Amino acid sequence: SGTKLTAAHTYPDSEWLASTDERFRPVNIYNAPDGSVHLLDMYHGIIQHKTYVTSYLRNYYTSQGLDGPGTGHGRIYRITAKAGKVEQVPDMETLSSPDLVKLLVHPNGWHRDMAQRLLGDRPADDKTVDQLEQLVGLDKYPLGQRHALWTLENMGALTAIPVSTALKAKDKKVVVSALWVATTLPHPELLKLEQLLISMKPVDDETTVYLTRALGPLATPAAFERINTLVNGTKLAYVKAAAFSGLAKREHAFKSTLGDKLTDKQLSGWIAQSANKKVPTGPSLKGAALASFNRGKALFHGEAACFGCHAPDGAGILGLGPPLDESEWVTGKDDVFAKLLLHGITGPIIVNGKKYETPAEMPALSANPTFTDRKIADIMTYSRNAWSNKAAPVSLDLIKKLRKETASRSGRPYTAKDLK
């Protein structure tokens, strides 16, 4: 449950843009200032990180000649509606601040975004601030209200007054923006909103999440009580996450204030875990092992792109990859970890008693000729000694041995059961 993204095809039975040219690679699309659409075509045979190129894909693009240079370079398409008209675009940098404020309600999002950026680059004069605060109160321009709030924040001119106005807006997205921007207020300003925030009755799950998050920085007994009520009144996981996020560095005060009233096991567990969390001290390695760690760190955050699925802090990313920090798969038997890297893994996996399932299998590094035994050993040594992990470094000889012994798998991924 909770906020969901939904979409529908504008042209249900056809594509509004398509090509039979295999080099057609649209990589970005923009709403242009004049109302047209700008589409960027990289015009390249293949766009893929070399780590994840399968044997099938490599054979296909070489057989089709897609690995060689194309005719010409990338293209930029300017697409307009047959019946539509493009509009004139003013030199926005020459416009006065009052004129830029007016553009915050423009129907073309490019104008709104550019006006907000330019206003944020200018000093916050009283007249402009007054105009922006007035716009926050105009319910007939909900997009303008949101732009005005964040423009004030960007100018360093945001106070409790316009936030209070926006919290009473008719459009729920304006209310959500007000809740989120409220977390940027200095504490004395935020305290002016305490009664309004505590008395708010969220109209849906999204508002509940943002209200819960905004209450944390108040750090008052009444705010803590309201957070507890919101957490206990919903099964939405995001509400608990928002509560915990908003309580950063205030967890002990929250727990002490509520006492026995803090009954949500997951939230109280997170708070207890944060209190006992060990601060990583860095690797206790020397000489060749430390050099391997440093090379592995560069690979993890660079060429191998391990952080893309497992996060820079090794905590994992929901739906992409399980945590590596304090993972028995990482700090346990080095031969199991090595096989996992060499040939990948597919299907569910249990880490520290929690089950993780990802939509795609972990790629096999053995299938990529650029990942040498040394690189794999370095990645393992880094992962086994980064964050909270402390385990023996991995030798180059182990990877050589296992690559030879498991060569018959040809990159066929393991399952967790295979490696137990």
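Here are three short exercises on this structure, each with a worked solution.

The model is predicted: local features need pLDDT of at least 70, side-chain atom pairs count only at pLDDT 80 or more, and totals for chains, interfaces and linings use all residues. Residues are numbered from 1 along each chain as its sequence is written, and side-chain values use heavy atoms, with hydrogens and water left out.

**Exercise 1. Trace the open sheet and find which strands are its edges.**

Step 1. Start with the terms. Strands (E, at least two residues) and helices (H or I, at least four) are DSSP runs, numbered from the N terminus. Two strands pair if DSSP finds at least two bridges between them.

Step 2. Take the pairs in turn. Strand 1 and strand 2 (residues 37-41) run antiparallel and are joined by five bridges. Strand 2 and strand 3 are also antiparallel, again with five bridges.

Step 3. Put the pairs together: the three strands form an open sheet in the order 1-2-3, with antiparallel pairing. Strand 1 (26-31) and strand 3 (75-79) are the edges, as each pairs on one side only. From one strand to the next, the twist averages 20° (axes are lines fitted to C-alpha atoms, for helices over the stretch in contact, and angles run from 0 to 180 degrees between N-to-C directions).

Step 4. Look across the strands. In strand 2, D41 stands opposite P26 and H38 stands opposite Y30. L40 faces I76 in strand 3 as its opposite residue.

Step 5. Visit the hairpin of strand 1 and strand 2. Five residues lie between the strands, and G35 takes a positive phi near 95° there.

**Exercise 2. Decide whether G45 is buried or exposed, and list its contacts.**

Step 1. Locate G45 in the loop between strand 2 and helix 1 (55-63).

Step 2. Apply the cut-offs: buried means under 20% relative accessible area, exposed over 50%, and partly exposed in between (1.4 Å probe, protein chains only). G45 has 3% relative accessibility, so it counts as buried.

Step 3. Set aside neighbours within four places in sequence. G45 is then in contact (heavy atoms within 4.5 Å) with E22, R23, R25 and L66.

**Exercise 3. Explain why C306 and C309 are not bonded to each other.**

Step 1. Recall that a disulfide is a covalent bond between the sulfur atoms of two cysteines. Here the cut-off is a pair of cysteine sulfur atoms within 2.5 Å.

Step 2. Check the distance. The closest cysteine sulfur to that of C306 is in C309, 8.7 Å away, which is too far for a bond. The structure holds zero disulfides.

Step 3. Add the surroundings: C306 is buried at 18% relative accessible area, whereas C309 is partly exposed at 29%.
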